[in-house]
Amino acid sequence: MFAKLARTGILITAIAVAGCNDSSMKDFAPEANKPLPDKILADMRAKGMVRTSSVMARIFKEEGKLEIWKAKTNGRYDMVASYDICKWSGKLGPKYTEGDRQAPEGFYTVRPAQMNPRSNYHLSFNIGYPNAYDRANGRTGSNLMVHGACSSSGCYSMTDAQIEQIYAFGRDAFQGGQTEFQIQAFPFRMTAANMARYRNDPNYEFWKMLKVGYDNFEITKVPPKVDVCEKRYVFNQVAPEGTTFNPTGPCPASTQPDSLKSAYSAYQSTYEAAFNGALKASTPAPKPTIAGIKEASIVSDWSKRRARGERVPIDPPSLNSDGSVTETARMGRIDSPAGRKMAALDAEKAAKQKAEEQRLAAIEAAKQAKAQALAEKEAAKTAKEAPVATATIEAPAEPAPPAETQAPSADESRVTRLKNKLLGMFGG
């Protein structure tokens, strides 16, 4: 039954252009035809895989990992490569609307027509957003990629060397007859500890739904059959003959193989015990997550204003738990024709304002200079008309006799005068 759940078929040869606002600019793409390294091929042989066997990918945002899994000869999958994601944008949580800069979460399908060997981002492939689940829930967006160039605005971006290998895995699988491969994008590894960490998050119910698909793969090691009904994912369900899964309609009375039911029940028992234990353990604090469609709409509006060339905060705004919005103080605008036009208009406006400020400053300086000249002229006139002041010179005061000298008595004065007279007579 597990083998029936793995999808294989005839190679589709049409190759179309896709990308994160991408367009094809290269006449040829030799990087799209590079073979996988010998070491990877040797590891594949050791695990019972062939180069062209079926492939799938798993993405974990919080851990920043992209894993490549390939089918072995027994039909089960094993991991053959793991890459550090160079960049992904947004926060943990699904993509809601065009422009929210969220990298998608969910189960997506890549077909040959979604592979772009002539991408502006070295190489790329469209992950298939929006899928049936996204469309049923009114979620919008386009051109969501895995690509090179290590630059992201809603995509999963790798280095050029990494995307060459990832692209080669898909290319080889298509050459081997796989008609589509699955990408499973998760916020984090959906362990009991991580689910306990995020149990109070507004995205928790969505993540619990994704975890059913995660668990099915962990149990079977085969990509789960994915359908959508009642606007939710269902996994490995078999609808009665003559009925189908309608993404927005009621789910049919589907069934599962008994062996899978039994394995899933045992898996869940172990998980519940681990989850309860994790509630009592000390774990790292949760990472930032998107606060639903409200925050997505705020970021989308920021993206639209930025695309029009308006000056906006350099980073997208964030919605806080109390309903307030946080924006960075640094401002900027996108480097685009619209942005350059707006920048030119702003520069012209700023130049006019500066010229006017300089003109007014010159007028004010002239006024101050004229006032200063008048003040100096008035001061000179006042100084010329003022009367000249006459200085009074006082005679120096006769020095006072020393304190110890006493005035002579009257008898001593007469004797002194007589003595002086006699001395004058005799030439003394």
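User: Where does Tyr 233 lie, and why is Tyr 233 called buried?

Analyst: Tyr 233 lies in strand 12 of this predicted model. Its relative accessible area is 3%. Buried means under 20%, so Tyr 233, at 3%, counts as buried.

User: Which residues does Tyr 233 touch?

Analyst: Leaving aside residues up to four places away in sequence, Tyr 233 touches Gly 106, Phe 107, Asn 131, Tyr 133, Met 209, Leu 210, Val 226, Asp 227 and Val 228. There's also a C-alpha separation to look at: the C-alpha atoms of Tyr 233 and Ala 132 are 9.1 Å apart, although the two residues are 101 residues apart along the chain.

User: What makes the link between the side chains of Tyr 233 and Asn 131 a polar contact?

Analyst: The distance is 2.9 Å. The cut-off for a pair of N or O atoms is 3.5 Å, and one must be able to donate a hydrogen and the other to accept it. The Tyr 233 and Asn 131 side chains are listed as making such a contact. The side chain of Tyr 233 also reaches the backbone nitrogen of Phe 107, at 3.3 Å.

User: How do you know that strand 11 and strand 12 pair?

Analyst: Count the bridges: four join strand 11 to strand 12. Pairing takes at least two, so these strands qualify, and they run antiparallel. Val 228 stands opposite Tyr 233 in strand 12. The two strands form a hairpin with two residues between them, and Glu 230 in the turn has a positive phi of about 50°.

User: What makes Cys 229 and Cys 251 a disulfide?

Analyst: Their sulfur atoms are 1.9 Å apart. The cut-off is 2.5 Å, so the pair passes. With 95° about the S-S bond, this link is right-handed. Cys 229 sits in strand 11 (residues 226-229) and Cys 251 in the loop between strand 12 (232-235) and helix 7 (258-280), so the disulfide ties together parts 22 residues apart in sequence. Cys 229 has 1% relative accessibility and counts as buried.

User: How many disulfides does the structure hold, and how far apart are the sulfur atoms of Cys 86 and Cys 150?

Analyst: There are two disulfides. In the one formed by Cys 86 and Cys 150, the sulfur atoms are 1.8 Å apart, again within 2.5 Å. This pair links distant parts of the chain, 64 residues apart: Cys 86 is in the loop between strand 3 (77-84) and strand 4 (87-88), and Cys 150 is in the loop between strand 8 (145-147) and strand 9 (156-157).

User: Is the disulfide of Cys 86 and Cys 150 left-handed or right-handed, and how do you know?

Analyst: Check the torsion about the S-S bond: it is about -70°, so this disulfide is left-handed.

User: Why do Cys 86 and Cys 150 count as partly exposed?

Analyst: Partly exposed runs between the 20% cut-off for buried and the 50% cut-off for exposed. Cys 86 has 29% relative accessibility and Cys 150 has 23%, so each counts as partly exposed.

User: What makes strand 3 and strand 5 the edge strands of the open sheet?

Analyst: Each of them pairs on one side only. The sheet has five strands in the order 3-2-1-10-5, with mixed pairing. Neighbouring strands are turned by 20° against each other on average, direction ignored. Strand 5 is joined by five bridges to strand 10 (residues 181-186), running antiparallel, and Phe 107 stands opposite Gln 184 in strand 10. Helix 4 (residues 160-175) packs on the sheet, and its direction makes about 155° with that of strand 3.

User: Why are the buried residues of helix 2 said to be on the same side?

Analyst: The buried residues of helix 2 (residues 38-46) are Ile 40, Leu 41 and Met 44. They cover an arc of only 100° around the axis, so they share one side of helix 2. Asp 38, Lys 39, Arg 45 and Ala 46 are exposed on the other side. The buried ones pack against strand 2, strand 3 and helix 4.

User: Why is Thr 97 called buried?

Analyst: Its relative accessible area is 18%, and buried means under 20%, so Thr 97 makes the cut. Thr 97 is in the loop between strand 4 and strand 5. The Thr 97 side chain makes a polar contact with that of Thr 140 at 3.2 Å, and Thr 97 also touches residues including Ile 293 and Ser 300.

Technical notes: Residues numbered from 1 in each chain as written. Predicted model: local features only at pLDDT ≥ 70, side-chain atom pairs only at ≥ 80, totals over all residues. Heavy atoms only, no water. Buried < 20%, exposed > 50% of the residue type's maximum accessible area, 1.4 Å probe, protein only. Axes fitted to C-alpha atoms, helices over the stretch in contact; angles between N-to-C directions. Contact = heavy atoms within 4.5 Å. Arc of directions from axis to C-beta.
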